[in-house]
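Trainee: May we go through a structure together? I should like to understand how its parts meet.

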Amino acid sequence: MSLRIAVVTAGLSNPSSTRLLADQLAASAVSALADVGASAELDVVELRPLAHALADRLLTGFPTGDLSTAIAKVVTADALIVVSPIFSASYSGLFKMFFDVLEPEALAGVPVVLAATAGSARHSLVLEHAMRPLFSYLKTTPTPTAVFAASEDFGDTDGGALTVRIERAARELAALVSGVGGRATPRGRSLEEQFADPTPFAELLGRT
Amino acid sequence: MQFGIFTVGDVTTDPTTGHTPTEHERIKATVAIAQKAEEVGLDVIAFGQHHNPPFTASSPTTTMAYVAALTERILLSTSTTLITTTDPVRIAEDYAQLQHLADGRMDLMLGRGNTGPVYPWFGKDIRQGIELAVENYALLHQLWRDDVVNWQGKHRTPLQGFTATPRPLDGVPPFVWHGSIRSPEIAEQAAYYGDGFFSNHIFWPSSHTAQMVGLYRRRFEHYGHGKAHQAIVGLGGQAFIAKNSQDAVNQFRPYFDNAPVYGHGPSLEEFVEATPLNVGSPQQVIEKTLGFREYAGDYQRQLWLMDHAGLPLKTVLEQLDLLGEEVVPVLRKEFAALRPADVPDAPTHQSLVAAAGGGRDSTVPAPADAVTGQSPVPEGARA
């Protein structure tokens, strides 16, 4: 089984601890999938270079250039890893903008690991109180473990508690992707798919 | 091929002067624009239908009838007639009345509208937008073709023995275009009936228009109305023209930057690159417009949006001079040279009458009036 995982990361600085966490999650997911006999390719989508295009998309209604490519990668992936920095007690505005511009139900049924970074561990429940409801609304299938990394976790010397959480989330993702748990909800048809294969008019007239 | 303009009738502040026209000014300006369009040799002018500020165009047939009386040649159309929230019985009657007054010099384009709140103003539910477009048009189609209609649907009261009056001129219903910005269902609907399909085209990338028109053409052939390349396609366009292209950019930029639909977003240059917007010399506008057929095929109607974003009437009239004198004559010649002989023109009243084997009076006399019990038409004189 060959799969594609899209990694969406909303870090703003370079180097970015958000990207660092995303990379660790991605590597663990590839390894956990290998353990269940699946190979996975990664597509990393950095949102920072798409910030202008996202604002334009909100104003004009259509995505351009690199944003179209990024959206296509995300809505066709077999699994997602999404990572946002915490700003003002929630995921960042940039992170939300990306998910705001997807077609309805574009991510339905997709297994996803939720993750966030912040300066302080006091923000860790943002994952449960803000990010998880967002991904429930999007009809994705989030793993039970969401991964939060505070600055202190990256300098962690007490046996790698962050690594343990990363690996647990990765194993859960692998189980969802490879088992029957994922994809219980079919993904909505994209606009392109609707144009390629329209609903016949007799059906629209209710005369089938 | 037909060339013309379409308007939505918006009242927008001119960002360069701060002047906001009154509704009265805007309505009269729309009439002046229509007269100018005829004067410079354009073939079509289409009027919008909206029921909320900042628009002034709530009654397109009123405007069209008035303009019909002031003009002689230009074809009057809509952009668009709201098929979702306007009772199809009113559409059938209003446009048939107009068809008689304008001697057939009209058609119409159906659309779903631009704003959610309009639905409840007319007792409808936006969640049923597509369903309303489908059911209402099925009824409208029947009202223009059957003298006596018995009908039952989900979204209005049933009709029993109903005759929409007046009957269509010469027994031939007005030609219908189905306008769409992004719904595949509307392209499918246009194809099913063999009606025209108008892609709004503007404000969106050409790849999107290509797939919408592609669906319509494919399904037009599927439903047996002709070959895909013979389907009846219209496209929107948007242009600002000056002799010198840098002058066009400089003059249009403040309007672009503040435009209600796309302002404060991408730069003018990015938008020109991504969408059909044309800002430049007549030659640039000609070249870009000719490029539309590369992804939409040979098409029948090109309408430009020329009077939005607060452009003052004087500028709009100057733009129409440039469009009509320097752009359209060249496009007319170039498109005609490129078009295969088996691609038809857009239907007109005359061509539809000819296709029907000639006109016929379609008056439906009352069988008897309720007061005297007598028919107003003598027995022997009835058709």
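Mentor: We shall discuss this predicted model, beginning with the contact between its chains and then turning to single elements and residues.

Trainee: How many residues does each chain give to the contact?

Mentor: Chain B contributes 29 residues and chain A contributes 18 residues.

Trainee: And how much area do the two chains bury between them?

Mentor: The figure is about 2000 Å², with 68% of it on carbon and sulfur atoms. The size of an interface is often given as the accessible area lost when the parts come together.

Trainee: How many salt bridges cross the interface of chain B and chain A?

Mentor: The rule finds one salt bridge there. Glu103(A) pairs with Arg182(B), and their closest N and O atoms are 3.3 Å apart.

Trainee: Which elements give two or more residues to the side of chain B that touches chain A?

Mentor: They are H5, helix H6 (184-193), helix H7 (206-222) and helix H9 (268-274) of chain B. The residues on that side of chain B divide into 15 nonpolar, eight polar and six charged.

Trainee: Let us take H5 of chain B. Is Val134(B) buried or exposed?

Mentor: Val134(B), which lies in helix H5 (residues 129-145) of chain B, has 3% relative accessibility; because buried means under 20%, Val134(B) counts as buried.

Trainee: What is Val134(B) in contact with, leaving aside its neighbours within four places in sequence?

Mentor: Val134(B) is in contact with Phe201(A), Leu204(A) and Leu205(A) from chain A, and with Gln189(B) from chain B.

Trainee: Now H7(B). How does its span agree with what is expected?

Mentor: H7(B) has 17 residues, so at 1.5 Å a residue it should span 24 Å. The C-alpha atoms at its ends are 24 Å apart, which agrees.

Trainee: What covers the buried residues of H7(B)?

Mentor: The buried residues of H7(B) include His208(B), Met212(B) and Phe220(B). Their cover includes helix H8 (191-196) of chain A, as well as H6, strand S9 (196-199) and helix H10 (282-296) of chain B.

Trainee: What follows H7(B)?

Mentor: Gly224(B) follows H7(B), and its phi is positive, near 80°.

Trainee: A last topic: where is Ser362(B) found?

Mentor: Ser362(B) is in the segment after helix H12 (349-355) of chain B. Its relative accessible area is 6%, so Ser362(B) is buried. Not counting residues up to four places away in sequence, Ser362(B) touches Arg167(B), Pro168(B) and Gly171(B).

Methods
Residues numbered from 1 in each chain as written. Chains lettered and ligands numbered in written order. Predicted model: local features only at pLDDT ≥ 70, side-chain atom pairs only at ≥ 80, totals over all residues. Heavy atoms only, no water. Helix = DSSP H or I, 4+ residues; strand = E, 2+ residues; numbered from the N terminus. Buried < 20%, exposed > 50% of the residue type's maximum accessible area, 1.4 Å probe, protein only. Contact = heavy atoms within 4.5 Å. Buried area = accessible area lost by both parts, 1.4 Å probe. Salt bridge = Lys/Arg side-chain N within 4 Å of Asp/Glu carboxyl O. Nonpolar A, V, L, I, M, F, W, Y, C, P; charged D, E, K, R; others polar. Expected span 1.5 Å × (residues − 1).
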